[in-house]
Structures are given as structure tokens and as C-alpha cells.
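Hi,

Here is the structure I promised to pass on. Have a look at it first, and then read on for what turned up.

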Amino acid sequence: MPDFVQLLCRLVDGKVDFVLVGGLAAATHGCTLVTQDIDLCVNLALPNLERLQRALADLHPVHRLTPRKIPFHHEATVLAELKNIYLQTDWGQLDCLGDVKGLGDYRRVLTQSQTFDLNGRPCRILTLQALITAKQAMNRPRDIETIRQLTVILELKKSAKTRKVIHPKTKS
Amino acid sequence: MDLTPLLSLKTRRPQEKTKLVKTLTELTPDQQGDIDVSLIVENLRLSPLQRIQSACRAANDLEILRLALANSHA
């Protein structure tokens with residue numbers, strides 16, 4: 001069964017460089033849509049992918065889109081070739097993307113991110129505006145409702161009245 | 001789509017759960033109707049961590065339903 005919090009904590013504790021994107025990022029910003037996986041934009045540099053592999057090692061990670069569910073356990077030469085990594089772990093599905101459509105690669109995504117408190121850990125997440133930009137670039141039918149909700153949230157956050165009810169722990 | 005129906009899944013009968021899974025997975029955004037702003041505002045009162053925990057509970061509920069459906073078709 002998915003355990004999004006524990007999985008993210010594991011990655012932060014493992015010093016994996018990532019930014020939370022996709023449906024869970026939308027949910028973290030306040031969107032009410034259901035998501036079943038964690039989408040991350042990750043730094044594809046080899047040391048970071050090695051940290052990712054170490055962090056997940058005991059969670060039986062496999063490449064879930066491969067017919068034989070190949071284990072996510074590779075030598076450096078193989079890791080260095082990986083771009084987008086779609087994993088199934090004991091704690092849920094994890095999609096690690098090298099870039100985000102509409103935004104760019106990890107370095108660009110990082111500049112459009114902010115941190116939030118994840119059980120005492122700083123966790124990076126796309127800003128609300130960047131997430132809307134990314135969803136608009138994707139423009140899939142399922143993104144339309146997300147964009148609508150995120151736009152409402154953006155407007156709510158802009159209003160002085162609503163600023164009082166929004167939790168203050170998200171920092172730029 | 002709001003999470004309210006999902007949160008009460010355990011009280012629903014199997015055929016209703018089947019219908020709800022279809023609702024969750026097949027309806028287009030246009031079919032989902034207007035946004036429930038009050039639900040979003042309520043969600044914004046939570047911390048980011050609490051929102052992730054809430055999303056995780058919803059994902060777990062959906063996974064339970066998918067497994068139940070898979071077993072019922074087996």
C-alpha cells in the first residue's frame with residue numbers, strides 16, 4: 001500500500017536531490033484530486049542516482065513498466081544511462097523524471113521550487129505557478145481539472161481574506 | 001472531483017464501489033462538474049504534510065477498491 005510520507009522522508013534522509021511535481025505536488029498545494037503515485041523531477045547526475053538507489057534498496061524497487069519487473073539495482077554504467085525511471089516499491093509507485101514538460105530539466109525545475117516541512121525535513125516542491133505551467137504544457141484531459149483547481153487555489157492565496165486560513169509553513 | 005465520496009467508501013455496497021471506481025477513473029473533467037471551492041478552502045487549512053497524508057489515505061482506499069474489483073472478476 002502507498003505510504004507517500006515515508007517514501008518522501010526516505011529520499012530526503014538519503015540526500016536525494018529531487019523536486020516533488022505532478023499530482024502529489026498538486027495535492028500538497030491543496031488540490032483535492034486523487035493520485036496514486038509520486039512524481040519527482042530528479043537530478044540525473046550519477047551520484048544522485050546512486051543515492052536514490054541506496055535510499056530505496058530495501059523497498060524492493062523494480063522498473064514497473066518492464067514486463068519482467070527488472071530490479072532497480074544497477075552498476076554505475078547502467079545508472080548513468082537512465083533518464084526517466086518508473087518504479088514500483090513496497091511503499092508505492094515512484095516516477096523519477098529528468099525533466100518536466102513546460103519547465104525544463106532538474107536545474108530549471110529547482111529554480112521554480114520551494115520547500116515545505118515534511119516531518120521536520122525540508123522537502124522541495126514545485127511552486128504553485130510552476131505546477132500550473134507544467135500542467136498546461138502537458139494538457140492531457142486529466143490535467144484540466146487539476147489546472148482548474150490549482151488556479152482557484154492561486155486566486156484564493158492571492159486574496160487577503162484567504163491568507164488567514166492558509167497554513168503558513170510553506171516557505172519560498 | 002472531490003474526495004468526499006471516497007472517504008465514505010467503506011460504508012458502500014460492492015456495486016456502489018464499482019460505480020464509484022468508474023467515476024474516479026473514467027469521468028472526464030467536464031463530466032465532473034464545478035469545483036467545490038469550500039472543499040479546497042477546507043483543504044488549505046491543513047498543513048502540506050497533512051495534505052500528503054490525506055492524499056495517501058485516498059490512494060490507499062482506491063487501491064483497496066481496485067484489488068477488491070480484481071478479485072471479484074477473478
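Which residues in α6(A) meet which residues in α7(A)? From α6(A) the list is Leu128(A), Gln129(A), Leu131(A), Ile132(A), Lys135(A), Gln136(A) and Met138(A), and from α7(A) they meet Asp143(A), Thr146(A), Ile147(A), Leu150(A), Thr151(A), Ile153(A) and Leu154(A). Sorted by class, that contact has eight nonpolar, four polar and two charged residues. Before going further, please keep in mind that this is a predicted model.

As for the geometry of the pair, helix α6 of chain A covers residues 128–138 and helix α7 of chain A covers residues 141–158. They pack at an angle of about 155°, and their axes are 9 Å apart. Angles over 145 degrees count as roughly antiparallel, so α6(A) and α7(A) are roughly antiparallel to each other. Their crossing is left-handed.

α7(A) also packs across to chain B. Its axis and that of helix α3 (residues 37–44) of chain B come within 11 Å and cross at roughly 60°. Here the crossing is right-handed. On the α7(A) side you'll find Gln149(A), Val152(A), Ile153(A) and Leu156(A), while α3(B) brings in Val37(B), Ile40(B), Val41(B) and Leu44(B). By class, the residues of this contact are seven nonpolar, one polar and no charged. Ile153(A) is worth clicking on: this residue is part of the contact with α6(A) and also of the contact with α3(B).

A few words on chain B itself. Its secondary structure is four helices and zero strands, so to speak an α-α-α-α run from the N terminus on. Of the 74 residues in chain B, 22% are buried.

Now the core. The largest nonpolar core has 56 residues, and those with the most contacts inside it are Leu40(A), Cys41(A), Val42(A) and Leu126(A). Its largest share, eight residues, comes from helix α4 (residues 48–73) of chain B. If you want a way in, start at Val42(A): beyond residues up to four places away in sequence, Val42(A) touches Val16(A), Asp17(A), Phe18(A), Asn48(A), Leu52(A), Cys96(A), Leu97(A) and Tyr106(A).

Last, some loop residues in chain A. Arg64(A) sits in the loop between β3 and α4 of chain A. Arg64(A) has 17 C-beta neighbours inside 10 Å, which means that this residue counts as partly exposed. Along the sequence Arg64(A) and Gln88(A) are 24 residues apart, yet C-alpha to C-alpha the separation in space is 5.4 Å. Leaving aside neighbours within four places in sequence, the contacts of Arg64(A) are Lys69(A), Tyr86(A), Leu87(A), Gln88(A) and Gln93(A).

Lys69(A), one of those contacts, lies in the loop between β3 (62–63) and α4 (76–79) of chain A. Its phi is near 50°, a positive value in a residue other than glycine. With 13 C-beta neighbours inside 10 Å, Lys69(A) counts as partly exposed.

Asn119(A) is another one to check for backbone geometry: phi is near 50° there, again positive in a residue other than glycine. Asn119(A) is placed in the loop between β8 (113–118) and β9 (121–126) of chain A. Asn119(A) counts as partly exposed because 13 C-beta neighbours lie inside 10 Å.

Cheers

How values were computed
Residues are numbered from 1 along each chain as its sequence is written. Chains are lettered from A and ligands numbered from 1 in the order in which they are written. This is a predicted model: local features need pLDDT of at least 70, side-chain atom pairs count only at pLDDT 80 or more; totals for chains, interfaces and linings use all residues. A nonpolar core is a set of buried Ala, Val, Leu, Ile, Met, Phe, Trp, Tyr and Cys residues joined through C-beta atoms within 7 Å. A residue is buried if 20 or more other C-beta atoms lie within 10 Å of its own, exposed if 12 or fewer, and partly exposed in between; C-beta atoms are placed from the backbone. Helices (H or I, at least four residues) and strands (E, at least two) are DSSP runs, numbered from the N terminus. Two residues are in contact if their C-beta atoms, placed from the backbone, lie within 7 Å. Axes are lines fitted to C-alpha atoms, for helices over the stretch in contact, and angles run from 0 to 180 degrees between N-to-C directions. Angles under 35 degrees count as roughly parallel, over 145 as roughly antiparallel, 65 to 115 as roughly perpendicular and the rest as oblique. A crossing is left-handed if the near helix is turned anticlockwise from the far one by less than a right angle, and right-handed if clockwise. Ala, Val, Leu, Ile, Met, Phe, Trp, Tyr, Cys and Pro count as nonpolar, Asp, Glu, Lys and Arg as charged, and the others, Gly among them, as polar.
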